[in-house]
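User: Hi! Could you walk me through this protein, one question at a time?

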Amino acid sequence: MIHYYFAYGSNMNPARMGARGLSTVNALAGTLKGFSLRFDKRATGKTGVAYANVGYQRDGKVEGVLYQLERPEDIVIMDPFEGNPVRYGREVFCVDSAQGIIHAWVYVANKALLADDLLPERQYLNHLLAGKAWHSDDYHQWLSAQPCIESERVDSDMNGLIYNV
C-alpha cells in the first residue's frame with residue numbers, strides 16, 4: 001500500500017492542503033529525479049493559463065512535498081481536486097527523501113490537455129512558492145523567477161472551493 005502523496009504544484013501550500021481536507025501524519029521534502037516541472041497543463045475555461053505538471057527529463061528534478069497519509073486509501077480525497085482521471089491521472093513514482101526512496105502517488109496531466117504556450121497565474125504560482133520550507137534555495141529561486149500572468153482574481157480555494165479544474 002502507498003502511504004505517501006508527492007505534491008509538486010499548488011498542493012505544496014499547507015493552507016491549501018488544509019482546505020482540501022487531506023489528513024496527513026507528516027510532511028517532508030522530496031525530489032522526483034528524471035523529471036522536470038512544467039507549466040503545460042491547460043486550465044479549463046482560461047485561455048493561455050497553465051497548471052503545473054511533470055514530464056520526463058533525464059537529468060531533471062522536481063522538488064516538492066511528500067505528505068504521509070493517515071491511511072493509504074485517503075489519496076482518493078485528492079482525486080476531485082486534481083480532476084482524476086480526466087485532467088490528471090494518479091501514478092506511483094519513486095521519490096527521493098532524507099529517509100531514502102519513498103513510493104508515492106503523483107498526479108500527471110493528461111497528454112490531451114497539454115500545450116506549450118501557457119503561463120501560470122500569479123495567484124497559482126504563489127501556492128507553489130508557499131512550499132519554500134521543502135525547497136532548496138536554488139529551486140525556490142527558479143520558481144520565483146517563473147514568468148506568470150499577473151491577475152486580480154481572488155483565489156477561491158482558500159475558501160475551500162476548487163481552483164484546479
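User: Which strand is S36 found in?
Analyst: Happy to help! Keep in mind that this is a predicted model. Looking up S36 among the strands, we find it in β2.

User: Is S36 buried or exposed?
Analyst: Let's check its relative accessible area, which is 11%. The cut-off for buried is under 20%. S36 falls under that cut-off, so it counts as buried.

User: Which side chain is joined to that of S36 by a polar contact?
Analyst: Start with what S36 touches: beyond its close sequence neighbours, the list includes N53, V54, G55 and V62. For the polar contact, we look for a side-chain partner at 3.2 Å. That partner is Q57.

User: Which element gives the most residues to the largest nonpolar core?
Analyst: This core has 47 residues, and V62 and F39 are among those with the most contacts inside it. Elements giving two or more residues to it include β1, β2, α3 and α4. The top contributor gives 9 residues, and it is β3.

User: Which buried residues of helix α3 does F39 touch?
Analyst: First, the buried residues of α3 (residues 122-129) are Y124, L125, H127, L128 and L129. Next, the contacts of F39 include A50, L118 and L143, along with some residues of that helix. Comparing the two lists gives Y124, L125 and L128.

User: What covers the buried residues of α3?
Analyst: Two helices and two strands can be named here. The helices are α1 (14-20) and α4 (137-144). The cover also includes the strands β2 (24-42) and β3 (50-69).

Notes. Residues are numbered from 1 along each chain as its sequence is written. This is a predicted model: local features need pLDDT of at least 70, side-chain atom pairs count only at pLDDT 80 or more; totals for chains, interfaces and linings use all residues. Side-chain values use heavy atoms; hydrogens and water are left out. Buried means under 20% relative accessible area, exposed over 50%, partly exposed in between (1.4 Å probe, protein chains only). Helices (H or I, at least four residues) and strands (E, at least two) are DSSP runs, numbered from the N terminus. Contact means heavy atoms within 4.5 Å. A nonpolar core is a set of buried Ala, Val, Leu, Ile, Met, Phe, Trp, Tyr and Cys residues joined through side-chain atoms within 4.5 Å. A polar contact is a pair of N or O atoms within 3.5 Å; within protein, one must be able to donate a hydrogen and the other to accept it, and residues adjacent in sequence count only if both atoms are side-chain atoms. Lists of a residue's contacts leave out its neighbours within four places in sequence.
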